[in-house]
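Open the model in your viewer and keep the selection panel at hand. The tour below moves from one selection to the next and says what is found at each stop.

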Amino acid sequence: MIMPLLTWNENMMIGIQSIDNQHQRWIDLINDLHETMQRGKGSEAINQTLASMLDYTRVHFSDEEKLLSTHSYPGYVQHKQLHDGFINRIKELQDRLQKGHIILTISVMKSLRDWLKNHIQKVDRQYAPFLKSKGIV
Ligand SMILES: [Fe+2]
Ligand SMILES: [Fe+2]
């Protein structure tokens, strides 16, 4: 049995249902990638799982950004920059993996996990009171 890289817990809950649900799905996908790596699956499986993770990251970021821009969140631009930076980082990782320049390691996985956890707990959490004040639950 492979331990999940990141387990959802209430510290990661920001209190907006649709976002909390997406964050849980996002965590499932990073755990899938970790499991694929830990089970020693080939690069094809890793590339596929990473592509699913990247796709869902895009969906989640874009939904979140829509919500923030619709309500004119003051930290929108900065928040989007953090999202874009992470997308670029995953794309670069994907590119280097596909070219066979690197392999996926636990330390790479841990750094993705740390980004995700920090982003949910510290950055996303900051907009929660703002959105709640706009009636988003
Ligand atoms: Fe975010
Ligand atoms: Fe988020």
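What span should the 28 residues of helix 4 have at 1.5 Å a residue, and how far apart are its end C-alpha atoms? The model is a predicted one, and in it the expected span of helix 4 is 40 Å, which agrees with the 40 Å between its end C-alpha atoms. Keep helix 4 selected and go to Arg125, where the helix bends by about 40 degrees, with a proline, Pro129, following within four residues. Beyond the helix comes Gly135, whose phi is positive, near 90 degrees.

Next, select helix 3, whose 23 residues should span 33 Å at 1.5 Å a residue, in agreement with the 33 Å between its end C-alpha atoms. The buried residues of helix 3 include His79, His83, Phe86, Ile87, Ile90, Leu93, Gln94 and Leu97, and if you display their surroundings you will find that helix 1, helix 2 and helix 4 are among what covers them. Helix 3 is followed by Gly100, a residue with a positive phi, near 75 degrees.

From helix 3, turn to the metal site by selecting the iron ion (ligand 1). Its protein donors are Glu64 (OE), His79 (NE2), His83 (NE2), His119 (NE2) and Asp124 (OD), which lie 2.0 to 2.2 Å from the ion. Along the chain these donors follow the spacing E-x14-H-x3-H-x35-H-x4-D. Two of the donors, His79 and His83, both belong to helix 3, where they are 4 residues apart, about one turn of the helix. His79 has a relative accessible area of 3% and is therefore buried, while His83, at 0% relative accessibility, counts as buried too.

Now add the iron ion (ligand 2) to the selection. The two iron ions, ligand 1 and ligand 2, are 3.5 Å apart, and Glu64 coordinates both. Which residues coordinate the iron ion (ligand 2)? They are His23 (NE2), His60 (NE2), Glu64 (OE) and Asp124 (OD), at 2.0 to 2.2 Å, and in sequence they are spaced H-x36-H-x3-E-x59-D. The arrangement around the iron ion (ligand 2) is irregular, because the 4 donor atoms subtend angles of 83 to 169 degrees. Since His60 lies in helix 2 and Asp124 in helix 4, the pair ties together parts that are 64 residues apart in sequence. Both residues repay a look with the surface switched on: His60 counts as buried at 0% relative accessibility, and Asp124, also at 0% relative accessibility, counts as buried.

For the last stop, hide the ions and look at the nonpolar side chains. The largest nonpolar core has 26 residues, among which Trp26, Met53 and Leu104 touch the most other members. The elements that each give two or more residues to this core are helix 1 (17-38), helix 2 (43-70), helix 3 (76-98) and helix 4 (106-133). Select Trp26 and display its contacts: leaving aside residues up to four places away in sequence, Trp26 touches Met53, Tyr56, Thr57, His60, Phe61, Phe86, Trp115, Leu116 and Ile120. A second core, separate from the largest one, consists of 11 residues, including Ile14, Tyr127, Ala128 and Leu131.

Conventions:
Residues are numbered from 1 along each chain as its sequence is written. Chains are lettered from A and ligands numbered from 1 in the order in which they are written. This is a predicted model: local features need pLDDT of at least 70, side-chain atom pairs count only at pLDDT 80 or more; totals for chains, interfaces and linings use all residues. Side-chain values use heavy atoms; hydrogens and water are left out. A nonpolar core is a set of buried Ala, Val, Leu, Ile, Met, Phe, Trp, Tyr and Cys residues joined through side-chain atoms within 4.5 Å. Buried means under 20% relative accessible area, exposed over 50%, partly exposed in between (1.4 Å probe, protein chains only). Contact means heavy atoms within 4.5 Å. Donors are N, O and S atoms within 2.8 Å of the metal (3.2 Å for Na, K and Ca); water is not among the atoms, so sites may look incomplete. Four donors count as tetrahedral if all angles lie between 85 and 135 degrees; four count as square planar and six as octahedral if opposite donors are over 155 degrees apart and all others between 65 and 115; anything else is irregular. The expected span of a helix is 1.5 Å times one less than its number of residues. The bend at a residue is the angle between axes fitted to the seven residues ending there and the seven starting there.
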